[in-house]
Amino acid sequence: MGYKLYWSSLTAGFVIQAALEEAGADYDLVEVNFENREHRSAAYRSMNPMGQIPTMVLPDGTVLTESVAMVLHLAETFPEAELLPAPGSVERARAYRWLLFMATNPYAGYQRYYYSKRFTTEIDGAEGIRKSAIAHINAGFDLLESVLDKQSYLAGSTRSIADTYLTMMVTWSPRANDVLLHRRNLTRVVMEVCARPVVREIWNRYYPDGPRFDSTASRVHKKDS
Ligand SMILES: N[C@@H](CCC(=O)N[C@@H](CS)C(=O)NCC(=O)O)C(=O)O
């Protein structure tokens, strides 16, 4: 028996499936019907108490929640796939840093943006939550942009699964194209990730409504350089 990934379009199932594919792992997909709120059902919550996607079941039946935990576990289990730089290296430490930064900042910001009512007890509080969430997410992108001014990838000189996680964070923005238009380093990394065969192969499953950004940002940044 291999891995089992509970996924839905527009969720972090994307980076986990990309990692499973890069690792050449044996896995099955189980689609969770988001519109029917299947992720909130008692059956799904018995695996993932937060009622969130993704969930990954390991070959021995152990259930993992938390996308970063899944990524780190796959990186350790399939070292030859080089999802992360070498264990103990400075580059790996940087990849850990930015993976956790993204999970606790932009990702948490998207929770506040897309589920704003959960984060306020005020009847008209949701709009303010959404505005501050977008500002927080964009501040996170600004920080990552400045990091990528000094190094090619989030880990340093080596591309890693952290760059795929970053790409996914950008795709969730209600203005993904603008995120890139304002940030040339993010554009460079995101476009490189999007060109990877593994990512191209799974893209339509997670983004059935088509691309989240066009090539405008790449063109603009090329013209400016
Ligand atoms: N910390 C979790 C967050 C998971 C999460 O927020 N998933 C979103 C989809 S990307 C979700 O299921 N949202 C539905 C909800 O919160 O009701 C992780 O990294 O896996």
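## Worked exercises on a predicted model

At 38% relative accessibility, Arg205 counts as partly exposed. That value, like the others here, comes from a predicted model.

**Exercise 1. Place Arg205, and find which residues it contacts beyond its neighbours within four places in sequence.**

Step 1: start with the label. Partly exposed covers the range between the buried cut-off of under 20% and the exposed cut-off of over 50%, so 38% puts Arg205 in that middle class.

Step 2: locate the residue. Arg205 sits in helix H10.

Step 3: list the partners. With neighbours within four places set aside, Arg205 contacts Trp7, Ser9, Gln17 and Leu29.

Step 4: try a distance along the chain. Met191 is 14 residues from Arg205 in sequence, and their C-alpha atoms are 18 Å apart.

**Exercise 2. Is Asn204 buried or exposed, and how far in space is it from Ser9?**

Step 1: Asn204 belongs to helix H10, which spans residues 197-206.

Step 2: its relative accessibility is 58%, so Asn204 goes down as exposed.

Step 3: now the distance. Asn204 and Ser9 are separated by 195 residues in sequence, yet 8.8 Å is what you get from C-alpha to C-alpha.

**Exercise 3. Work out how enclosed helix H1 is, and what its buried residues pack against.**

Step 1: count. H1 covers residues 13-23, and nine of its eleven residues are buried, so the rest of the structure largely encloses this helix.

Step 2: name them. The buried set is Gly13, Phe14, Val15, Ile16, Gln17, Ala18, Ala19, Leu20 and Ala23.

Step 3: find the packing partners. Those buried residues pack against strands E1 (3-7), E2 (27-31) and E3 (55-57), along with helices H3 (67-77), H7 and H10.

Step 4: check what comes after the helix. Gly24 follows H1 and has a positive phi, near 65°.

**Exercise 4. Classify how H9 crosses H7 and H6, then sort the contact residues by class.**

Step 1: take H7 (residues 161-171) with H9 (residues 184-194). The two pack at about 105°, with axes 9 Å apart. Roughly perpendicular runs from 65 to 115 degrees, so H7 is roughly perpendicular to H9.

Step 2: list that contact. H7 supplies Asp163, Thr164, Leu166, Thr167 and Val170, while H9 supplies Leu186, Val189, Val190, Val193 and Cys194. By class, there are seven nonpolar, two polar and one charged residues.

Step 3: repeat for H6. The axes of H6 and H9 come within 8 Å and cross at roughly 80°, which makes H6 roughly perpendicular to H9.

Step 4: list this contact too. Phe141, Leu144, Glu145, Leu148 and Asp149 of H6 meet Arg184, Asn185, Leu186, Arg188 and Val189 of H9. These divide into five nonpolar, one polar and four charged.

**Exercise 5. Which residues are closest to the ligand, and what does Ser116 touch?**

Step 1: the ligand has 15 residues around it, the closest being Arg40, Glu66, Ser67, Gln111 and Arg118.

Step 2: look at polar atoms. A ligand oxygen is 2.7 Å from an N or O atom in the Ser67 side chain. A ligand nitrogen is 2.8 Å from a polar backbone atom of Ile53, and a ligand nitrogen is 3.3 Å from an N or O atom in the Tyr115 side chain.

Step 3: turn to Ser116, in the loop between helices H5 (106-114) and H6 (126-150). At 7% relative accessibility, Ser116 counts as buried. Skipping residues up to four places away in sequence, Ser116 touches Gln111, Ala126, Ile129 and Arg130.

Definitions and conventions: Residues are numbered from 1 along each chain as its sequence is written. This is a predicted model: local features need pLDDT of at least 70, side-chain atom pairs count only at pLDDT 80 or more; totals for chains, interfaces and linings use all residues. Side-chain values use heavy atoms; hydrogens and water are left out. Helices (H or I, at least four residues) and strands (E, at least two) are DSSP runs, numbered from the N terminus. Buried means under 20% relative accessible area, exposed over 50%, partly exposed in between (1.4 Å probe, protein chains only). Axes are lines fitted to C-alpha atoms, for helices over the stretch in contact, and angles run from 0 to 180 degrees between N-to-C directions. Angles under 35 degrees count as roughly parallel, over 145 as roughly antiparallel, 65 to 115 as roughly perpendicular and the rest as oblique. Contact means heavy atoms within 4.5 Å. Ala, Val, Leu, Ile, Met, Phe, Trp, Tyr, Cys and Pro count as nonpolar, Asp, Glu, Lys and Arg as charged, and the others, Gly among them, as polar. A residue is near a molecule or strand if one of its heavy atoms lies within 4 Å of it. A polar contact is a pair of N or O atoms within 3.5 Å; within protein, one must be able to donate a hydrogen and the other to accept it, and residues adjacent in sequence count only if both atoms are side-chain atoms.
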